[in-house]
Amino acid sequence: MRIAIVGAGLAGLTTAWEIRAGAPEAEIDVFEATDRIGGKLFTVPFASGPTDMGAEAYLAFREDATEFFTTLGLKDALRAPSGLPSALYSQGQLHALPSHTVMGIPASSAGLEGLIDADTAARIDSESDAPGIEWTSGEADVSLGALVRSRYGDQVVDRVVSALQGGVYSSLADDLGVRATVPVLAQEFDRMADAGQKVSLSTAVRAIVDRRAASSENATSGEQYRPQLFSTFAGGYAQLYEELAEQSKARIHIDAFVSGIVRKNSGFSLKGAGEGIYDRVVVTTPAPTTAMLLKDVAAAASAELKKVRLASSVVVGMKFAHDEGLPDHSGILVACDEPDVKVKALTFSSKKWPHIGQRGGALVRASFGRFGDEQITRAEEDELVDRALDDLQAITGFDGRAAGLDEIFVQRWFGGLPVYSPEHLVTVSRVMAELDKVDGVFATGSWAGGVGVPAVIAHARAVGRAVIA
Ligand SMILES: Cc1cc2nc3c(=O)[nH]c(=O)nc-3n(C[C@H](O)[C@H](O)[C@H](O)COP(=O)(O)OP(=O)(O)OC[C@H]3O[C@@H](n4cnc5c(N)ncnc54)[C@H](O)[C@@H]3O)c2cc1C
């Protein structure tokens, strides 16, 4: 069987690996438009050590991902974080990141002192007395920001929820769906509606938080307890994408931009990728490119997929000679209603990861850019570095210029992440239903089953199995 995969990011390489695992004889060609593999996983060789400029961690409670890395022989490369807390910058000062929330949504005002005003606190604490949320189990998604604003007011959204979601999705909570990005909350609402109970935000969050506390207490007493929330790779994500590429034994063609897929004889050929005829094609590019590539072979799927929008961002990686004065935090998220700073998050990699801290000095990643406010992504490199240093100093007092800036790397991620809007899940299910009708054509990627590394892997592996079924 001859199989073509378009895109050598995490989804493309994982699909290739899975196909090889199930079909040792398959001929696999992977076509990658740029001059490197990995896509949004990108480890840059700083003089001080390998440094991730795209994804830098994964959710370690996703045991499927950890098991997969173990299968790849990478278990010993996994590293745990220091456990230092993250903070929230709002109204010109640092606050503890509220705990006992669901993606920043609290069940009560406790722990939000100083972050929200008294009216907002009273509103949160009396939310369950207000008329219930109109919610029908299993129905269409709604805007997360709009929902939380309608129950708790603007401050919780602008200062907490959007700050957290901006770090994961590069989007404001208003542009994201509840089912699409906080499915556990949607499921709790469904459960309440099905049981004929009043649907209340604070009651739902309380139920989820209590369940989590109970399950972590149970887990603490058992052997399975895994304390850390995140993990990463000692040598950066390059360890993962290089291992996937090697073990897949696929022919990987870089600088190979594919501009279309056409039916030829009983198979497919790829425009811009030589004369090969393939029995199966798997498209793993970002949604708009995938829509463009599917146009001639899966027109209905292509038309649906065009609806998915992308959010851009930029990461400025900075290595300083010393870290005196850098707060003892893993990182800082920035509220969206801060007029004087442009950065949306600061990651103190040398504090967050002991293996990076051991290199000495300070490694800081400054992230900018959200869906709808992407001008910063196009700013000149000098302006971005100045902005990163100014914001770092304004937020923490750490004077990066005085600390000695040894290394800098600016990485722009144009269209880096798909926007998981309230319409997203319906769009994806329609795309998949249309693709199911077309023999030999498959698609996967961060738009399909979630943006996080474990979710991308899970979807790509399922597609890989379907390709050879
Ligand atoms: C800044 C940033 C930070 C992130 N941080 C984290 C994190 O810490 N933890 C986490 O779990 N997730 C994180 N993510 C999300 C995660 O990295 C991505 O969802 C995932 O890597 C996407 O993989 P993919 O293969 O779907 O897409 P991509 O990585 O985009 O791969 C698609 C590939 O297709 C290629 N391509 C595009 N068009 C063509 C064409 N016409 N022909 C041939 N090739 C083409 C591209 O060059 C690219 O290599 C982050 C994402 C970003 C942008």
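In what order do the strands of the open sheet of seven strands lie, and is their pairing parallel, antiparallel or mixed? In this predicted model, the seven strands follow the order β8-β7-β17-β18-β19-β16-β20, and their pairing is mixed. The edge positions are taken by β8 (93-96) and β20, each of which has a single partner strand, so that one side of each is left without a neighbour in the sheet. On average, and with direction ignored, neighbouring strands of this sheet are turned by 20° against each other.

Within the seven-stranded sheet, strand β7 (residues 86-90) is paired with strand β17 (residues 331-334) through four bridges in the parallel sense, and the bridge partner of S86 in β17 is G331. Helix α5 (residues 154-169) packs on this sheet, where it touches β7, β16 (310-320), β17 and β20; the direction of α5 makes about 120° with that of β7.

A further open sheet is built from five strands, in the order β12-β2-β1-β15-β21, and here the pairing is parallel. Strands β12 (251-253) and β21 (441-443) stand at its edges with a single partner strand each, and one side of each is therefore left without a neighbour in the sheet. For this sheet, the average turn between neighbouring strands, direction ignored, is 20°. Strand β1 (residues 2-6) runs parallel to strand β2 (residues 27-31), and five bridges join the two; R2 stands opposite E27 of β2. The five-stranded sheet also carries a packed helix, α1 (residues 10-22), which touches β1, β2, β12 and β15 (280-283), and the direction of α1 makes about 160° with that of β1.

An antiparallel pair is formed by strand β13 (residues 260-264) and strand β14 (residues 267-271), which are joined by five bridges. In this pair, G260 stands opposite K271 of β14. The hairpin of β13 and β14 has two residues between the strands, and N265 takes a positive phi near 50° in it.

The ligand is surrounded by 33 residues, of which the closest are E32, K40, A57, V451 and V453. Classified by residue type, this shell holds 18 nonpolar, 12 polar and three charged residues. Backbone atoms of the protein approach polar atoms of the ligand at several positions. A polar backbone atom of V258 lies 2.9 Å from a nitrogen atom of the ligand, whereas S446 places a backbone N or O atom 3.0 Å from a ligand oxygen atom. For V451, which is also listed among the closest residues, a backbone N or O atom is found 2.5 Å from an oxygen atom of the ligand. Of the 1,000 Å² of accessible area that the ligand has on its own, the protein covers 89%.

Which elements give two or more residues to the shell around the ligand? These are α1, β20 (405-418) and α18 (453-467), and the largest share, three residues, comes from β20. The two sheets described above are thus linked to the ligand shell by these elements: helix α1, which packs on the five-stranded sheet, contributes to the shell, as does β20, an edge strand of the seven-stranded sheet.

Conventions: Residues numbered from 1 in each chain as written. Predicted model: local features only at pLDDT ≥ 70, side-chain atom pairs only at ≥ 80, totals over all residues. Heavy atoms only, no water. Pairing = 2+ DSSP bridges. Axes fitted to C-alpha atoms, helices over the stretch in contact; angles between N-to-C directions. Contact = heavy atoms within 4.5 Å. Near = heavy atom within 4 Å. Polar contact = N/O pair within 3.5 Å; in protein donor to acceptor, adjacent residues only side chain to side chain. Areas by Shrake-Rupley, 256 points an atom, 1.4 Å probe, with all protein chains shown as cover. Nonpolar A, V, L, I, M, F, W, Y, C, P; charged D, E, K, R; others polar.
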